[in-house]
Amino acid sequence: MKRIITFILLSLCMVCRLAGQGDEEEIPRSMNEGTLLGFGTSNIKDTYLSPFNYNGWGARILNERMKTISAGKGRFSRQQIINVDITSTKNPAENVNDFGAFVDYSLSYHYRIPIGSSFKLLTGLSAHLMGGFIYNTRNGNNPLSAKVDIDLGLSVMMLYGLRIKNLPLTLRYQAELPFGGIFFSPPYGISYYEMFNEGNTSDVIAFNSFRNKFAMKNYFTVDIPIRRFALRLGYLNSLYYSDTNEINTHIISHSFMIGWVKEFIVLGGKRSNNKSRVNSSYY
Amino acid sequence: MIRYITHILCPAMLCISLSGCEFEDEYNVSPRRNFESLWKIIDENYCFFEYKSVDWDSIHAQYSQEIEEQMSDYDLFRRMSEMLDELQDGHVNLQSSNMGVSSYDGWLRGYPSNFNTDVLRNTYWSRSQNYNDIIKHNRIVDNQIGYIYYGSFKESILEKDLDNIFSTFSYCRGIIIDVRDNGGGSITNSDRLASRFLSEKTLCGYIRHKTGKGHDDFSDPYPIYLSPSHANLWLRPVIVITNRRCYSATNNFVSKMKVLPNVTILGGRTGGGSGFPFTSELPNGWSIRFSTSPILDVDKQHTEFGIDPDIEVELTDEDIKENKDTLIEEAIRILLN
């Protein structure tokens with residue numbers, strides 16, 4: 001147990017250290033930022049609430065930022081994704097609703113491996129934080145199942161640039177796979193009354209690994225440049241399974257994404273005053 | 001290395017294979033399927049099998065043979081309800097939008113009602129102030145006794161309104177809290193009232209929860225404390241009047257009040273219902289509520305079948321004829337002596 005905690009803390013320190021190094025770079029590097037809306041299907045099961053699958057729709061908004069950092073002479077890049085997901089699903093008899101809301105944030109550092117002129121492979125680690133809940137409209141004393149996860153995971157991305165006639169396109173496939181962390185994991189039959197009114201929270205946090213949790217995100221996008229921006233179309237498949245304390249949960253969603261991407265340079269105060277490099281309308 | 005890869009791949013394959021199975025959970029009106037689903041939910045979650053010496057397997061064998069694929073929803077609902085009645089638990093309810101709610105009421109049989117609303121309206125509630133339809137308060141016996149009737153803990157009362165009520169009782173010698181026919185509601189509401197009657201944090205009971213699907217899989221008892229309210233406290237004599245219809249959160253209220261030093265429980269045995277209920281559902285959309293976490297008294301004893309009063313008093317026909325409530329009159333006599 002101590003080894004797992006040490007590993008998680010060291011990995012987080014490494015991620016933070018890499019984040020700090022990014023600020024020392026002199027040459028401005030562009031930030032790729034995309035904001036996408038997604039709509040699709042959602043399939044939820046949480047045996048704390050019901051033994052059955054609930055099916056319905058989901059909507060999400062996702063913001064991602066990606067930038068190369070100075071560490072490793074530009075061979076590393078940092079990616080941050082904030083994702084807000086809401087779902088409305090119904091039980092098989094379609095007389096009860098589950099409403100879900102989840103917010104997750106991931107910070108990834110990738111090592112960039114160019115393969116040829118148009119293909120890049122990025123591999124790295126990600127730190128992931130997720131919080132949310134599933135609310136069942138019928139249940140009396142067990143209406144809610146809360147989700148809080150803090151994970152470390154693997155992140156792999158493939159970028160491929162191609163041209164169709166004169167139109168340059170960028171294809172991307174990305175997979176995120178958490179391999180360990182901690183999560184909110186209440187005992188089998190405990191009530192939220194016992195946990196939060198009476199304060200019995202002694203066994204509600206557990207370590208997770210592949211033995212009790214499997215989560216994965218598969219993300220396909222294509223960027224189509226339109227004037228000064230790019231249109232990003234995509235598909236996001238999110239899988240979340242957990243099996244702990246005899247409570248089974250899955251949250252599966254398929255979302256079709258659409259949004260816009262811009263590429264810009266963020267300048268700190270010192271560099272923004274360097275008028276020989278940047279012609280700033282403000283300074 | 002191979003072992004590590006196996007550790008990664010096996011759960012992944014398991015999840016993928018499970019995800020294939022998930023979609024078998026479809027709407028299903030088969031009586032057999034729904035019966036088995038109900039039996040299993042109770043089997044894995046119900047908390048009083050051992051305490052009540054219920055052999056759930058033999059109950060399955062007994063009722064299963066009467067389930068036929070051709071039976072109507074009405075017959076299925078009735079047979080399922082009869083099976084659930086074997087648990088002798090008012091917190092076990094099957095509910096359907098077209099069949100209504102099944103509710104075991106065997107716990108009421110053999111007990112006097114000890115409650116007559118006509119008498120209360122005519123004599124004790126006649127000049128009472130109504131907080132709402134459920135909560136009434138009054139000063140009786142020449143303003144010497146404060147009287148609160150709390151008819152359902154589903155109704156909440158604000159702290160500031162409780163302050164106002166207790167302010168009007170400030171010159172009274174004692175208070176009567178009448179919770180007869182209060183079938184329960186929210187423990188938060190009952191605790192809000194109970195927290196007015198103690199001066200320091202007090203151990204009032206214990207709660208356990210299921211830790212697995214086995215009938216004996218329980219956590220250790222976890223202590224439940226009641227803390228005093230930050231507002232006006234009442235530390236003079238209190239009498240809580242009860243009858244058999246004091247159930248669930250009201251049973252819990254009585255269990256907590258019984259521990260407090262200035263409190264006397266008077267009337268009839270409460271109805272019980274000490275299992276904290278959860279809700280689940282069947283493939284046809286019917287919902288099922290069942291007790292999952294037993295709440296124990298301060299001596300770690302079950303109160304599922306009720307709590308005896310400190311002083312047992314029954315409502316008499318003679319008093320009813322005179323528009324008197326025997327229980328309230330006895331409470332007044334004790335408080336004034």
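Helices and strands are runs assigned by DSSP, with at least four residues for a helix and at least two for a strand, numbered from the N terminus. In this predicted model, that numbering helps to place R138(A), which lies in the loop between β5 (119–136) and β6 (144–164) of chain A. A residue counts as buried if 20 or more other C-beta atoms lie within 10 Å of its own, and as exposed if there are 12 or fewer. R138(A) has 19 such neighbours within 10 Å, so it is partly exposed. Leaving aside residues up to four places away in sequence, R138(A) touches V96(A) as well as T279(B) and S287(B). From R138(A) to F39(A) the separation is 99 residues in sequence and 26 Å in space, C-alpha to C-alpha.

Chain A as a whole contains three helices and eleven strands. Their order along the sequence is α-β-β-β-β-β-β-β-α-β-β-β-β-α. Of the 283 residues in chain A, 34% are buried. Among contacts in this chain between residues at least 6 apart in sequence, 64% join residues at least 24 apart.

Turning to the meeting of the two chains, 37 residues of chain B are in contact with 31 residues of chain A. On the chain B side, at least two residues each come from α1 (2–22), α2 (31–45), β8 (222–226), β11 (275–281) and β12 (287–296). The most is given by α1(B), with seven residues. By type, this side of chain B divides into 15 nonpolar, 15 polar and seven charged residues.

Within chain B, helix α5 (residues 117–124) offers a clear example of two sides. V119(B), L120(B) and Y124(B) are buried in this helix. Seen down the axis of α5(B), these buried residues fall within an arc of 100°, so they line one face of the helix. T117(B) and D118(B), on the other side of α5(B), are exposed. The buried residues pack against β4 (135–140), β5 (145–150), α9 (317–321) and α10 (326–336) of chain B.

In soluble globular proteins, nonpolar side chains tend to be buried together. The largest nonpolar core here has 53 residues, of which I176(B), V240(B), I241(B) and A331(B) touch the most other members. Beyond residues up to four places away in sequence, I241(B) touches I176(B), D178(B), V179(B), R180(B), L266(B), G267(B), L327(B), I328(B) and A331(B). Another core, of 21 residues, lies apart from the largest one and includes F35(B), I42(B), I67(B) and V92(B).

Conventions:
Residues are numbered from 1 along each chain as its sequence is written. Chains are lettered from A and ligands numbered from 1 in the order in which they are written. This is a predicted model: local features need pLDDT of at least 70, side-chain atom pairs count only at pLDDT 80 or more; totals for chains, interfaces and linings use all residues. Two residues are in contact if their C-beta atoms, placed from the backbone, lie within 7 Å. Ala, Val, Leu, Ile, Met, Phe, Trp, Tyr, Cys and Pro count as nonpolar, Asp, Glu, Lys and Arg as charged, and the others, Gly among them, as polar. The arc is that of the directions from the helix axis to the C-beta atoms. A nonpolar core is a set of buried Ala, Val, Leu, Ile, Met, Phe, Trp, Tyr and Cys residues joined through C-beta atoms within 7 Å.
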